[in-house]
Amino acid sequence: MDRFIKLYAHFLLLTLGCLPMQGSLNVIYLNADDLGVMDVGFMGSKLYHTPNLDRLANESMVFTDGYAPAANCAPSRAACFSGQWAVRTGVYTVGTSERGDAKDRMLIPTPNRMHLEDEVITIAEEFKKVGYRTAQLGKWHLGEDPTNQGIDINVGGNTRGAPPTYFSPYQNPNLKDGPKGEYLTDRLTDEAITILEKFKDDPFFMYFPFYSIHTPLQGRPDLKKKYKNNKQVHADYAAMVECLDENVGRLMGALDELGLRDNTIVLFSSDNGGIRKLSKQDPWRAGKGSYYEGGIRVPITVRWPGVVEAGSTCSVPVTGLDFYPTFLDAIEASPSTGKVLDGKSILPLLTGKGSFPKDRTLYWHFPVYLQNYAGEEDQSRDAKFRTRPGTVLRKGKWKLHEYFEDGALLLYDLENDPGETHNLALEKPKRLQALKEDMYAWRKRTGSPVPSKRNPKYIPQKISTR
């Protein structure tokens, strides 16, 4: 009887147009962890072996100027899944905002919220609202339980930002152990293929945030062996990149075998830039945790057979904040009543139909501290922090940084200076003023917090900046 009631209710929703009919568009969102924009072949890397990702890129539109909404894990994921800037969700960083040595922090940073609040409507909840089945595999990092945030099937996701180990036994309460020595990335892909088989007759949204290539650096032994004599790369890191690539290939192969290729959008990206001490992101400056280009540029590809031109590229700057409205646009759904979205649908760019603001301003606000990884090697503004409190924007080829501690304004021409080495603030006063007014107006409009209270533990010191 219960099954009959459920089937009848489903039929009523279909006839009322509240649920998508069979054969609707599916969406797979693949999100690598700490994979830098220069860690894949299709973005120019010659160090890492990524033939499957390169093939996916050749079947997709590649966004040459793709950005993460934040420079580290939790805030980037929170922004993508909520469709909102951190100033709305309060998720600015991982853990406390008081990172680094207290004596080196001039200001008391804005308090950080660890995860998305329950009232925040996620993109997964939007999919469920219109009848999609939903699954997530791997790193969730957005709350205690993904099934309370729009996910039907959760494999391996919880509050953790990194796995205790990449080898079974996994020490993960949300993932049953496999045979001893089984590799996490392989196992998650096995689970993803099983879910595809289960979902194949219904419209679905699959979010696959690989734990890889986040630390701990533990490459699969057979792949690590290939790189042990290669002094240009970290052997574990390179092995993890190749394993990630291999499993993306397996997943795409399963889509083909199940006949799901033509009605499935596949979006691939990363949550933030690569860790510079492990993988240099040249010509882009710095890496994960920094708001220089190396910390926020990420690979973004979108495959949609018959709609998106295979092998095409787009140089319009886009951000992970755009994914939420794009997915809704693609499945012809509307956001929940009252839902504020800070990105824009990139459907016009993908389809070549309609208009898109090519000169819009992108903003990043980080009223927090992130301690350094490797001092000068991080290529941040100073050797003690990857990030000090401030705001960054990009408009066209121009990039403006403002730091709250000393009021410094750094203006760069990304077209001629991708490494952000030559500050043009004094040479371009009119450009500086226009961008500064844009930044300040945005902060006022969004109520962005600007910390100003002095930290009593701070010890004044001369800091070498560049």
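# Reading a predicted model, region by region

User: In helix 10, the residues Phe323, Tyr324, Pro325, Thr326, Phe327, Leu328 and Ala330 are buried. Which residue with a positive phi follows helix 10?

Analyst: This is a predicted model. Helix 10 covers residues 323-330 and is mostly covered, with seven of its eight residues buried. Most residues other than glycine have a negative phi. The residue after helix 10 that has a positive phi, near 60°, is Glu332.

User: Where does Glu126 sit, and is it buried or exposed?

Analyst: Glu126 belongs to helix 5, residues 123-129. Its relative accessibility is 1%. The cut-off for buried is under 20%. Glu126 therefore counts as buried.

User: Which residue shares a side-chain polar contact with Glu126?

Analyst: Start with the contacts of Glu126, leaving aside neighbours within four places in sequence. They are Ile121, Tyr324, Leu328, Ser334, Pro335, Ser336 and Lys339. Two of these names, Tyr324 and Leu328, are also among the buried residues of helix 10. The polar contact is 2.9 Å long and joins the side chain of Glu126 to that of Ser336.

User: What separates the C-alpha atoms of Glu126 and Asn154?

Analyst: Along the chain, Glu126 and Asn154 are 28 residues apart. In space, the separation of their C-alpha atoms is 17 Å.

User: How many residues of strand 7 are buried?

Analyst: Take the two directions in turn. Thr264, Val266, Phe268 and Ser270 point one way, and they are buried. Ile265, Leu267 and Ser269 point the other way, and they are buried too. Strand 7 is mostly covered, and its buried count is seven of seven.

User: Which strand pairs with strand 7 in the parallel sense, and which in the antiparallel sense?

Analyst: The parallel pairing runs over seven bridges and involves residues 26-32; there, Val266 is the bridge partner of Ile28. The antiparallel pairing runs over three bridges and involves residues 301-303; there, Thr301 is the bridge partner of Phe268. The parallel partner is strand 1, and the antiparallel partner is strand 8.

User: Is Arg381 buried or exposed?

Analyst: Arg381 lies in the loop between strand 12 (370-371) and strand 13 (385-387). Its relative accessibility is 12%. Because the limit for buried is under 20%, Arg381 counts as buried.

User: Which residue joins its side chain to that of Arg381 in a polar contact?

Analyst: Arg381 touches Arg285, Tyr292, Tyr403, Asp406, Ala408, Leu410, Ser464, Thr465 and Arg466, not counting residues up to four places away in sequence. One of them makes a side-chain polar contact of 2.9 Å with Arg381. That residue is Asp406.

User: Gln171 and Ala286 have a positive phi. Which of them is exposed, and which is buried?

Analyst: Phi is near 60° in Gln171, which is found in the loop between strand 5 and helix 6. Phi is about 65° in Ala286, which lies in the loop between strand 7 and helix 9 (293-296). At 53% relative accessibility, the exposed residue is Gln171. At 0%, the buried residue is Ala286.

User: What is omega for the cis peptide bonds from Ser168 to Pro169 and from Ser212 to Ile213?

Analyst: Most peptide bonds are trans. Pro169 lies in the loop between strand 5 (153-155) and helix 6 (184-199). Ile213 is in the loop between strand 6 (204-209) and helix 7 (221-224). For Ser168 to Pro169, omega is near 5°; for Ser212 to Ile213, omega is near 15°.

User: What is the volume of the largest cavity?

Analyst: Rolling a probe the size of a water molecule over the atoms shows where empty space is left. Here, five cavities of 30 Å³ or more are found. The largest has a volume of about 130 Å³.

User: Which element gives the largest share of the lining of the largest cavity?

Analyst: Of the 16 residues lining the largest cavity, Pro69, Ala70, Ala86, Trp364 and His365 are the closest to its centre. The elements giving two or more residues are helix 3 (73-82), helix 4 (86-89) and strand 11 (361-366). By class, the lining has 15 nonpolar, one polar and no charged residues. The largest share, four residues, comes from strand 11.

How values were computed:
Residues are numbered from 1 along each chain as its sequence is written. This is a predicted model: local features need pLDDT of at least 70, side-chain atom pairs count only at pLDDT 80 or more; totals for chains, interfaces and linings use all residues. Side-chain values use heavy atoms; hydrogens and water are left out. Buried means under 20% relative accessible area, exposed over 50%, partly exposed in between (1.4 Å probe, protein chains only). A polar contact is a pair of N or O atoms within 3.5 Å; within protein, one must be able to donate a hydrogen and the other to accept it, and residues adjacent in sequence count only if both atoms are side-chain atoms. Contact means heavy atoms within 4.5 Å. On a 1 Å grid over the protein atoms alone, a cavity is a set of points where a 1.4 Å probe fits but cannot get out, and a pocket is an open set with protein on both sides within 12 Å along at least five of seven lines; lining residues have an atom within 4 Å of a point. Grid points are joined across faces, edges and corners, and a volume is the space filled by probe spheres set on the points. Ala, Val, Leu, Ile, Met, Phe, Trp, Tyr, Cys and Pro count as nonpolar, Asp, Glu, Lys and Arg as charged, and the others, Gly among them, as polar. Two strands pair if DSSP finds at least two bridges between them.
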